[in-house]
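Q: Please take a close look at the salt bridges in this structure. I would like to understand what joins what, and how the partners sit with respect to the surface.

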Amino acid sequence: RTPLDRMKLHEYQAAQLFQKFQIPTPKGMLVTKPADARIAFKVLANPSCLLKVQVLMGGRGKAGGVKKVNTAEEAESICSQWIGKPFSTAQSQGEASIVKAVWATELIHLTKEFYIVITVARSKNGLVLIFSTQGGVDIEEIASQSSEAIEKIFFMPGNPPSDEALSSRLKERVSEPSVLKQIVEIAQKLCRLFVE
């Protein structure tokens with residue numbers, strides 16, 4: 001394994017890090033045996049919950065690896081179809097991984113979805129915070145077809161963008177002050193998490 005391989009995280013691992021840094025995330029439970037899906041459903045359902053295969057590849061939802069379930073029986077049935085079986089997506093180019101776990105989460109009803117990520121900006125020898133008001137599904141296509149939908153804020157690891165800098169760069173994209181404030185708070189915590 002290379003150092004880069006060790007940096008890859010399953011969604012449930014990322015959720016644990018988010019919680020450690022007080023970044024809002026849906027409640028969840030890791031399911032490694034189909035029978036445990038019944039327990040997870042009973043704890044998380046409101047009245048439904050989501051099941052998500054835990055494999056290190058993008059495009060899980062489009063490949064059928066994210067399902068809304070309405071009963072404990074359905075949760076167990078779906079998990080028995082996934083756990084221990086190979087799973088692949090368009091992004092894995094036909095290479096399958098065996099599903100060892102499923103992340104069960106409460107179902108959050110969204111009124112608006114945003115996309116925010118921090119990654120290495122090799123061309124700038126630093127980091128970049130990428131933001132879009134168009135959510136996270138198909139973000140690569142959105143970026144290539146309408147680059148104006150993406151806001152990029154470059155920074156150095158020891159000098160993350162200030163609240164004021166983030167607010168001024170994002171206020172034209174997010175008009176509601178209370179929502180902008182939440183985004184800035186989450187962005188600051190994500191910067192700290194990424195660097196640490």
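A: A salt bridge here means that a side-chain nitrogen of Lys or Arg lies within 4 Å of a carboxyl oxygen of Asp or Glu. The model is a predicted one, and a search of the whole of it finds nine salt bridges.

One of them is formed by Glu11 and Lys52, whose closest N and O atoms are 2.9 Å apart. Glu11 belongs to helix α2 (residues 11-20) and Lys52 to strand β2, so this pair, 41 residues apart, links distant parts of the chain. Buried is the word for residues under 20% relative accessible area, and because Lys52 has a value of 15%, Lys52 counts as buried. Glu11, in turn, is partly exposed because its relative accessibility is 23%. The pair also has company, since Glu11, Lys52 and Arg60 are linked in a network of salt bridges.

A further salt bridge joins the side chains of Arg38 and Glu76, with 2.4 Å from N to O. Arg38 lies in helix α3 and Glu76 in helix α4, and therefore the pair ties together parts that are 38 residues apart in sequence. Both ends are partly exposed: Arg38 has a relative accessible area of 29%, and Glu76 has one of 23%.

The helices that carry this pair appear again in the nonpolar interior. The largest nonpolar core has 21 residues, and among those that touch the most other members are Val31, Leu51, Val69 and Trp82. Two or more residues of this core come from each of α3, β2, α4 (72-82) and β6 (102-106), and α4 gives the most, with five residues. A second, separate core of 18 residues includes Phe21, Leu127, Phe155 and Leu190.

Another salt bridge to examine is that of Glu151 with Arg169, where the closest N and O atoms are 2.7 Å apart. Because Glu151 lies in strand β9 (residues 150-155) and Arg169 in helix α6 (residues 163-170), the pair ties together parts that are 18 residues apart in sequence. With a relative accessible area of 12%, Glu151 is buried, whereas Arg169, at 37% relative accessibility, counts as partly exposed.

A polar contact of another kind can be found at Ser48, in the loop between α3 (36-44) and β2 (49-53). The side chain of Ser48 makes a polar contact with the side chain of Asn70 at 2.6 Å, and Ser48 counts as buried because its relative accessibility is 7%.

How values were computed:
Residues numbered from 1 in each chain as written. Predicted model: local features only at pLDDT ≥ 70, side-chain atom pairs only at ≥ 80, totals over all residues. Heavy atoms only, no water. Helix = DSSP H or I, 4+ residues; strand = E, 2+ residues; numbered from the N terminus. Buried < 20%, exposed > 50% of the residue type's maximum accessible area, 1.4 Å probe, protein only. Polar contact = N/O pair within 3.5 Å; in protein donor to acceptor, adjacent residues only side chain to side chain. Core = buried A, V, L, I, M, F, W, Y, C linked by side-chain atoms within 4.5 Å.
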